[in-house]
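Dear colleague,

I am passing on the structure we spoke about, and my notes on it follow below. Please read them with the model open beside you.

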Amino acid sequence: MSAPSPGLKGLADPWADALWRVVREGSEFDAVDMALSALESGLDAEDLILDVIGAVQARVGAEWAANRLTVAQEHTATAINDRVIGALAHHPGLRSRSTGHLGRVAVACVDGEWHALPARLLTEVLRLRGWQVDYLGAQVPGPHLISHLHRTGPDVVAVSASLPTRLPTAHATISACQATGTPVLVGGAAFGADGRFARLLRADGWARDARDAAALLAAGLPGPSLDHQIADDLPHLADQEYTMVARSAPRLVRETVAGLIERFPGQPSFASPHTAEDVAHIVEYLATALYVDDTPLFRDFIAWTAGILEVRGVPARVLLPALELLGERLADFPRACGLLSAARDGILTGIRGGDPAGLRVSGLEEPA
Amino acid sequence: MRSSPERHDHQGTATTAASMIDAAPYPVLLVGADGTVGRVNPAARLLLRSAEPGMPLADAAPGWLVEAHLGYGDGSPPARGPIGARTFEAHASRGDDGSEVVWWLVDDTDRRLAVDALRVQQERTDFLAEASSRLLSSLNLDRCMRVTARLAAQNLAEAALVIAPSTGRKHPIAYCGPDGVVVRDELVIDPAELPGLAEALQGFPPVPSRWIDPATAPAWLPSAGLGQIGAMVVTALPGHGIPAGALVLLGGSARSSFSEGEEVFARLFAARAGAAMSAARLYAEQASITQTLMRELLPPRVSRLEGAELAAGYRPGGPAERIGGDFYDLHPAADAAGESLIVLGDVCGKGLEAAVLTGKIRNTLRALLPLADDHHLVLNLLNGVLLNDDAHARFVTLVLASLRRVGGSLELRMTNAGHPSPLIVRADGRVETVESKGTLIGVLDQIKSQTVTVVLAPGESCLLYTDGVTEAKGGPLGDELYGEERLCAALEQCAGMPGQAMVEHVQMLASQWTGHVHQDDMALVVVTAPRGAHLSAVGGHGPGRFTA
């Protein structure tokens with residue numbers, strides 16, 4: 001290996017390519033060495049964290065979606081990236097920059113969210129910029145976070161969520177944090193590329209990425225308003241559709257899988273555990289879309305699933321009977337039926353348009 | 001005399017109107033088109049003593065009424081203003097001939113006072129409601145002090161200072177000036193220098209608010225943005241049996257005192273602020289006690305043992321728990337030739353009580369370390385300790401693993417006491433179960449155990465886990481156990497994976513399996529034989545080896 005020279009794309013990109021190669025090989029120590037070399041070669045620490053490590057992590061997600069990495073390999077790559085950040089955080093040159101004089105921030109992932117790397121990247125960027133950061137990690141149960149806020153009284157709590165299905169939990173977490181008087185900054189793919197779910201769930205701020213988050217914190221977030229009632233945020237929940245679908249999810253999955261097996265007796269693949277998992281995912285996204293009352297969320301998830309299936313050699317139309325069976329079971333739920341038919345139309349449009357995936361897998365993460 | 005019925009009628013009506021005006025219980029003034037006073041009824045005469053018919057209105061009535069008369073037109077709203085010590089509402093109507101204006105004066109002093117009082121009460125209620133919700137929202141003392149200072153400065157005075165009881169030599173303070181900016185500080189102060197402060201900080205016996213001559217304000221008293229202090233009052237913040245601190249209200253030079261109403265109201269506010277601050281203080285004390293006690297029970301940080309890479313993960317069951325009945329411990333070898341010991345176990349039960357027993361077991365095992373060459377002996381002694389422990393009628397399952405580096409490989413001596421079997425992930429992706437059966441500890445007088453030895457080639461791993469992983473209940477259908485079979489199938493994909501990634505991967509799979517439901521505690525340790533000499537030579541934090 002030789003140290004990459006700066007190319008036309010900027011200083012960071014060659015390092016990102018090089019780091020990707022060693023991460024792909026699963027070579028933890030080479031990855032750490034390379035990151036430290038990048039730092040010593042003069043690459044700015046923040047650029048290293050976001051444009052090298054962050055870029056490699058984005059590529060990990062994309063490669064997984066394109067079926068070029070297994071979930072286990074994705075985990076390996078993520079763990080290596082995490083180790084690299086850990087090593088950088090101990091580097092004397094970076095530690096000396098972490099003065100903590102700007103104030104205190106708590107960074108946590110919503111409960112159930114195990115994609116911790118975005119929060120980790122943010123943590124290090126904020127430390128570099130002069131914040132004292134308490135990094136609470138992945139899957140932080142709400143009560144832990146709240147007692148942390150009471151004990152430490154940070155200026156802001158930053159909450160990260162990658163999977164849209166964490167949005168109901170995120171809503172509870174946001175309101176609980178705000179009830180302590182702490183402003184909540186949210187970020188991560190779950191809140192939508194345009195941050196619309198951050199606004200819907202009444203977060204005090206939404207950050208597109210770590211740099212955006214740092215800028216928002218520097219400008220100062222307004223405090224949460226105390227007169228708002230969480231029940232007013234989502235008036236559509238009054239129809240109970242979310243509650244019913246979420247509560248009866250296992251039964252919906254069981255009945256849908258049974259229906260698929262009955263309808264397609266010649267298809268042994270429907271009896272495989274993967275079918276139940278796929279249907280469970282669909283139901284989970286359906287419930288989430290009902291919670292936030294957002295059709296694109298569900299439609300894009302189905303299109304994304306169709307794309308993943310195509311990449312794995314399964315035709316997108318296998319999703320249609322599952323959507324149909326769910327629609328039959330949820331016939332009394334108008335919002336759910338609307339979501340299911342929008343998703344079906346999305347797949348059909350994709351098939352007719354010669355783009356079998358509906359929307360080709362172009363993004364890096366699951367849709368939000 | 002009746003010269004004409006019409007005239008008679010007109011005269012009669014005018015007379016009736018005049019007598020009615022005279023008899024009216026309200027002061028009434030008739031003002032002619034030329035601006036002179038026509039008629040003044042007795043009630044008006046009592047009120048406007050100088051008013052006489054024929055004089056210009058300007059001489060008879062206060063300026064605001066004169067102004068209202070000059071501006072009067074149809075549809076004008078009633079005018080309002082003071083006469084003497086009272087206030088009046090003046091309603092006008094046209095006289096009979098259309099050029100006269102009749103002014104009716106209605107005394108609205110009491111109503112206005114009531115309205116003002118109501119408004120003040122409403123504002124105070126709103127303020128107290130806001131103060132309560134702001135103060136109750138936080139259990140953080142620092143935040144409570146800031147909120148108290150800001151609310152007091154913005155609603156009760158021009159500036160406010162909150163002084164908390166001392167922590168050591170210094171008193172934490174929060175000051176909010178007229179600009180609304182709160183400053184937190186720690187000051188070395190002598191409370192005796194500010195009259196009333198020492199008593200207020202003691203909290204008991206209860207002391208009334210104390211007026212202070214601003215001239216006696218000590219030098220340390222912050223007053224930024226206030227200029228000259230015009231008035232100053234010290235109020236105790238009553239706590240829950242412990243003093244919560246004192247509130248000093250500061251008025252600017254334009255204010256020479258606080259009214260009695262303001263002072264009473266300040267005490268209402270102080271009661272709420274004091275309750276919130278003392279609750280926050282109690283919470284902080286309790287949290288710190290819990291943290292100190294819990295520190296011993298938390299799983300240890302994973303460090304590298306000689307010749308082995310280690311990774312571990314721990315997740316207690318309940319969402320509010322930090323510790324539980326699962327535990328692991330790592331004991332490095334005393335010397336390079338010796339064996340390191342890893343323990344992973346599961347006390348029956350959950351929560352704090354189970355966690356306390358894990359602490360005892362970990363301490364006992366630490367004491368038994370010198371005997372760790374003989375796993376059976378260690379387990380036997382632990383069994384005796386638990387059987388004799390009357391306080392805990394509980395049992396434990398655990399795995400002992402002694403590690404030794406042999407060349408590039410890692411030799412593990414493992415003994416299983418009623419625990420789920422450890423799993424080996426081979427370099428080629430095969431997953432093997434470590435078959436070592438033994439009885440659980442703390443139930444039977446005599447235990448059985450069997451120690452087996454396995455060897456990990458470089459890059460191979462051994463996973464120790466608790467049943468929180470395999471007994472995770474959920475899955476797409478909601479009621480299946482995750483099970484050893486699924487775990488093994490998942491591990492087959494994990495050949496060559498770094499230990500930490502393997503731990504996180506299994507944790508993720510189990511928590512995905514259970515969905516939103518929190519279940520049993522879960523503890524995992526992965527021991528990996530390092531790949532190649534490079535790994536032990538470069539600690540991971542050294543300077544770059546990456547050159548060629």
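**The nonpolar cores**

Leaving aside its neighbours within four places in sequence, Leu286(A) is in contact with Val245(A), Phe298(A), Ala336(A) and Leu339(A). Please bear in mind here, and throughout, that this is a predicted model. Leu286(A) also stands out in the largest nonpolar core, which has 187 residues, since it is one of the four that touch the most other members, the others being Leu19(A), Ala35(A) and Leu524(B). The element that gives the most to this core is H14(A), with twelve residues. A second core, separate from the largest one, has 51 residues, among them Ala131(B), Ala152(B), Leu161(B) and Leu194(B). As general background, nonpolar side chains in soluble globular proteins tend to be buried together.

**Helix H15 of chain A and the loop before it**

The loop between helix H14 (273–292) and helix H15 (295–311) of chain A holds Asp293(A), a residue that has a positive phi of about 55° although it is not a glycine. Most residues other than glycine have a negative phi. Asp293(A) counts as partly exposed because 17 other C-beta atoms lie within 10 Å, whereas 20 or more would be needed for a residue to be buried and 12 or fewer for it to be exposed.

H15(A) itself has 17 residues and reaches 24 Å from its first C-alpha to its last, which is close to the 24 Å expected at 1.5 Å a residue. Its buried residues include Phe298(A), Phe301(A), Ile302(A) and Trp304(A), but also Arg299(A) and Asp300(A). After H15(A) comes Gly313(A), with a positive phi near 80°.

**A further positive phi in chain A**

Arg202(A), which lies in the loop between helix H9 (196–200) and strand S5 (205–207) of chain A, is another residue other than glycine with a positive phi, in this case near 65°. Arg202(A) is partly exposed, because 18 other C-beta atoms are found within 10 Å.

**The contact between the chains**

The contact draws 40 residues from chain A and 39 residues from chain B. On the side of chain B that touches chain A, the elements that give two or more residues are helix H5 (109–136), helix H6 (141–155), helix H8 (260–295), helix H13 (499–514) and helix H14 (532–537) of chain B. H13(B) gives the most to that side, with six residues. By type, the residues on the side of chain B that touches chain A comprise 18 nonpolar, 15 polar and six charged.

With best wishes

Methods
Residues numbered from 1 in each chain as written. Chains lettered and ligands numbered in written order. Predicted model: local features only at pLDDT ≥ 70, side-chain atom pairs only at ≥ 80, totals over all residues. Contact = placed C-beta atoms within 7 Å. Helix = DSSP H or I, 4+ residues; strand = E, 2+ residues; numbered from the N terminus. Nonpolar A, V, L, I, M, F, W, Y, C, P; charged D, E, K, R; others polar. Core = buried A, V, L, I, M, F, W, Y, C linked by C-beta atoms within 7 Å. Expected span 1.5 Å × (residues − 1).
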